[in-house]
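Here is a short briefing on the fold, the ligand site and two buried side chains. Keep the structure open while you read.

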Amino acid sequence: MSCWAVIPIKAAGDGKSRLAGVLDPAAREALVDAMLAHVVATALATPSLDRVYLVGPSRHGLDEAITLLPDPGAGLNAALQAALARLAGQAPDRVPDRVVVIAADLPHLSTLDLDLLARARDGAIAIAPDRHGTGTNALSLPLPDAAGFTFLFGEDSFARHCAEAERLGHNVETILSRGLEKDIDEPADLADAGSVL
Ligand SMILES: Nc1nc2c(ncn2[C@@H]2O[C@H](COP(=O)(O)OP(=O)(O)OP(=O)(O)O)[C@@H](O)[C@H]2O)c(=O)[nH]1
Ligand SMILES: O=C(O)[C@H](O)COP(=O)(O)O
């Protein structure tokens with residue numbers, strides 16, 4: 001069983017724009033980098049994840065050992081679609097059994113959370129909602145069967161990702177955990193960011 005992680009990250013300076021009213025650009029970038037470093041380190045420390053990829057325009061100073069997959073520059077869904085096509089489109093013996101997509105803004109993420117995603121039930125698409133139950137903070141896609149999954153980040157993405165999984169004929173496994181729910185989007189969420197700062 002092989003499982004690869006894919007972590008999308010915006011260009012330096014572009015992330016967390018919804019926090020612009022409460023954090024200056026340097027503080028926002030420091031927060032983005034600290035959360036990314038935490039998510040990458042957690043993925044690297046998860047035994048059930050064999051490889052860790054970043055998807056974005058730059059590696060934010062992270063080690064070159066982490067492969068950067070290109071971002072076409074047309075938003076999160078297009079960036080993830082390109083990454084999935086690339087990983088699922090390799091020679092059949094090189095395609096992993098699962099790809100796990102993880103948001104880079106999860107300061108409480110643990111290796112146990114990532115293990116739940118990597119070890120999702122056979123054939124199921126696992127989806128981790130945000131604290132409101134409306135957004136999506138992580139997805140686990142079985143390959144090659146879910147290679148045609150369409151990413152639908154944006155409003156109501158949790159419900160839309162569940163519908164997309166069902167459209168493809170997969171069971172949905174909902175993963176609920178503090179580490180996967182607590183992304184940092186709005187000023188009110190900052191109370192949950194202290195652990196990485
Ligand atoms: N590569 C890539 N990553 C993205 C893109 N848009 C969002 N992301 C990443 O996707 C994850 C979830 O995004 P959001 O929670 O919306 O974070 P954000 O875009 O930094 O926040 P806002 O600017 O406030 O919307 C974060 O890890 C972002 O860096 C994109 O166009 N390309
Ligand atoms: O689809 C979503 O969940 C959001 O558009 C992107 O994630 P966010 O909740 O981290 O902004």
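A residue counts as buried when its relative accessible area is under 20%, with only the protein chains taken as cover. Ser140 has a relative accessible area of 0%, so Ser140 is buried. The model is predicted. Its seven strands form an open sheet with mixed pairing, and 15 residues surround ligand 1.

**The sheet**
- The strand order is E3-E2-E1-E4-E6-E5-E7.
- Strand E3 (67-69) and strand E7 (172-174) are the edge strands, and each pairs on one side only.
- Neighbouring strands are turned by 25° against each other on average, with direction ignored.
- Strands of a sheet pair through backbone hydrogen bonds, in either the parallel or the antiparallel sense.
- Strand E1 (residues 3-8) and strand E4 (residues 98-102) run parallel and are joined by four bridges.
- Within this pair, Val6 of E1 faces a partner: Val101 in E4 stands opposite Val6.

**Helices on the sheet**
- Helix H1 (residues 25-44) lies across E1, strand E2 (51-55) and E4. The angle between H1 and E1 is about 175°.
- Helix H4 (residues 157-167) lies across strand E5 (125-129), strand E6 (136-142) and E7. H4 runs at about 175° to E5.

**Strand E5 and its partners**
- E5 is mostly covered, with five of its five residues buried.
- Ile125, Ile127 and Pro129 point one way from E5. Ala126 and Ala128 point the other way.
- With E7, E5 pairs in the parallel sense over three bridges. Ile127 stands opposite Thr174 in E7.
- With E6, E5 runs antiparallel, and four bridges join the two strands. Pro129 stands opposite Thr136 in E6.
- E5 and E6 form a hairpin with six residues between the strands. Gly133 in this hairpin takes a positive phi near 75°.

**The ligand 1 site**
- Which residues are closest to ligand 1? They are Lys10, Lys16, Ser17, Val55 and Asp71.
- Lys10 places a polar side-chain atom 2.7 Å from an oxygen atom of ligand 1.
- Lys16 uses its backbone: an N or O atom there lies 2.8 Å from an oxygen atom of ligand 1.
- Val55 has a polar backbone atom 2.8 Å from a nitrogen atom of ligand 1.
- Ligand 1 taken alone exposes 620 Å², and the protein buries 84% of that.

**Ser140, a buried serine**
- Ser140 lies in strand E6.
- Which side chain makes a polar contact with that of Ser140? Arg98 does, at 3.0 Å.
- Beyond four places in sequence, Ser140 touches Arg98, Val99, Val100, Leu117, Ala120, Ala124, Ile125 and Ala126.
- Among these contacts, Ile125 and Ala126 point opposite ways from E5, and both are buried.

**Thr46, a buried threonine**
- Thr46 sits in the loop between H1 and E2.
- Is Thr46 buried or exposed? Its relative accessible area is 1%, so Thr46 is buried.
- A polar atom of the Thr46 side chain lies 2.7 Å from the backbone oxygen of Thr42.
- Leaving aside neighbours within four places in sequence, Thr46 is in contact with Thr111, Leu114 and Asp115.
- Thr46 and Ala30 are 16 residues apart along the chain, and their C-alpha atoms are separated by 24 Å.

Definitions and conventions:
Residues numbered from 1 in each chain as written. Chains lettered and ligands numbered in written order. Predicted model: local features only at pLDDT ≥ 70, side-chain atom pairs only at ≥ 80, totals over all residues. Heavy atoms only, no water. Pairing = 2+ DSSP bridges. Axes fitted to C-alpha atoms, helices over the stretch in contact; angles between N-to-C directions. Contact = heavy atoms within 4.5 Å. Near = heavy atom within 4 Å. Polar contact = N/O pair within 3.5 Å; in protein donor to acceptor, adjacent residues only side chain to side chain. Areas by Shrake-Rupley, 256 points an atom, 1.4 Å probe, with all protein chains shown as cover. Buried < 20%, exposed > 50% of the residue type's maximum accessible area, 1.4 Å probe, protein only.
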